[in-house]
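Biologist: Thanks for joining me! Could you walk me through a few residues, one at a time?

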Amino acid sequence: MAESASQGVLQLGDCQLDLERGLLLRDGAAVPLRSKAFSLLSYLARNDGKVVTKSDLISAVWGNIAVTEDSLTQAVRDIRKALDDGDQAILKAVPKRGYVLSSPCHKPSPASQPVVAVVPFEDGRATGETSDPVIGAFAGDVADRLARFHTVTVLNRETALAAFRQAQGYGPPLAVRPDYFVQGSVIRSGDQLKISAKLVDAQAGALVWGESYTAAGPDLFAVQDEIAYRVVNRLVSNLEAAALRRSAGKPTRDLAAYELVTRAIVRFRGYRADDNSEALNLLKAAISRDPDYGLAQAYMALVELAVADYGSAPEDVIASCTERASLAVALAPDEPRCHRILSQARLAARDHRAAEHHMRRALDINPYDADTMMQMGHVLSLRGRPLDGLELMNRAVAANPLHAEWYHCDRALALYAARDYGNAATAMQRLPYGPRRWSLLAAALARSGDRAGARDCVMLIRKSDPGFSPVSHLRTSIEFERPEDTEHLVKGFEIAAAMAE
């Protein structure tokens, strides 16, 4: 029984006990519980369904420290209060024997999400100066924005501060153990803000990421908001990378569904020959663990769509991916990435209105997500509004300067549609090459007047894949809503092909 309890999460009434992470949760939020009470609850959980004597409990929790039975009674009282177990249906007393935890339900970890504590940012003003409301509010703003991402669990302000003090050796021990601390400092000088933020591994005490931002303007609260979403986007990307590094050494069969999906996303973003097939395998494993995991279903749809080449995929594949992505949205309606992926499936089906609707829904759920901003810009560009799209794309790049490579492809298409051919070619040249990317690059180079570059791209396509049709690819894979935009792209390649003759 103890072995089974150590794996995953136990459902206790409306609470979840995560023994591996040392957390008691209710609706995703940590429930405060003093150290001895949590140790007692953990010991009972590892012996669930069994009556444990009072003497065994005292020995297991307090060890060689001499305590009376009153200490045990107080810890039991704390547990029942935390679990809202006033009728003693969960933690039962067995007269003259001890206590028993009444058959909790064992469940896999719902997300194995990293637990983050955002602590108040240090005030860089001189000692004795009046505190600045901008500085006092900044950590709370970062925590609020971070909580909008459904990939992390964010502790409330009081618990985060208590956990940080405990890590520094102050205050009573807590049951809550965050995986990471977000720390920083803010210095205000006139109309200028300098903000430093860092992500610290709470267990190792090691710096995971750190960055500084400086901005000036008459409206410091607007500057603060701008910097906050930059900080949050960098934090989220580093949290996902840190979670991946932590799980990298574990065998696949022991990974939680969340970790499988995280690894699949990383593989999907790669450009090796087996990346997509490996991503599919990881997603299948995640879905086998939890068929109701909406994000896993969504990414399965996206990878299958990518393998079939998006807009040029067979109709039955597009329909299947759309159905799976719709299921993902039904399973996780508040997960922005599910809406984003459904939008991409709708684009492949040339349902541009529905694609924009779901991308806007994703942006409404989390307006600070750089990936969603970039893809919203892509949708607008495909709908014939490239300048509006580029404005959003530029915001996305500013928010997440160390972005994934697919940003360049989306920007290149938007720049080409906006007749900025030189910058379109520059963006495409930042991507790994292949016949599909050479097709767009050839069109951009030809339009910009680079005859030699355009001719080289055409020759490389013919040499690497003689059976590949760039014109067919550009007509079917690029989901422009207006026929004239498609013809503008195809004509660009035809000009390049003529240069190669």
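Modeller: Happy to, and let's begin with Lys-96, which has a relative accessibility of 91%. Please keep in mind that this is a predicted model.

Biologist: Is Lys-96 buried or exposed?

Modeller: The cut-off for the upper class is over 50% relative accessible area. Lys-96 has 91%, so this residue counts as exposed.

Biologist: Where is Lys-96 placed, and what is its phi?

Modeller: Lys-96 belongs to the loop between β6 and β7, the latter covering 98–101. Although Lys-96 is not a glycine, its phi is positive, at about 65°.

Biologist: Which loop holds Gln-88, and what is the phi of that residue?

Modeller: Gln-88 lies in the loop between α4 (69–83) and β6 (91–94). Gln-88 is not a glycine either, yet its phi is positive, with a value of about 60°.

Biologist: How does the accessibility of Gln-88 class it?

Modeller: Buried needs under 20% and exposed needs over 50%, with partly exposed in between. Gln-88 has a relative accessible area of 36%, so the class is partly exposed.

Biologist: Now for Ser-477: is this residue buried or exposed?

Modeller: Ser-477 sits in helix α20, which spans residues 470–477. The limit for the lowest class is under 20%. With a relative accessible area of 8%, Ser-477 is therefore buried.

Biologist: Which residue shares a side-chain polar contact with Ser-477, and at what distance?

Modeller: Leaving aside residues up to four places away in sequence, Ser-477 touches Gly-311, Ser-312, Arg-350 and Asp-309. The side chain of Ser-477 makes a polar contact with that of Asp-309, at 3.0 Å.

Terms used
Residues are numbered from 1 along each chain as its sequence is written. This is a predicted model: local features need pLDDT of at least 70, side-chain atom pairs count only at pLDDT 80 or more; totals for chains, interfaces and linings use all residues. Side-chain values use heavy atoms; hydrogens and water are left out. Helices (H or I, at least four residues) and strands (E, at least two) are DSSP runs, numbered from the N terminus. Buried means under 20% relative accessible area, exposed over 50%, partly exposed in between (1.4 Å probe, protein chains only). A polar contact is a pair of N or O atoms within 3.5 Å; within protein, one must be able to donate a hydrogen and the other to accept it, and residues adjacent in sequence count only if both atoms are side-chain atoms. Contact means heavy atoms within 4.5 Å.
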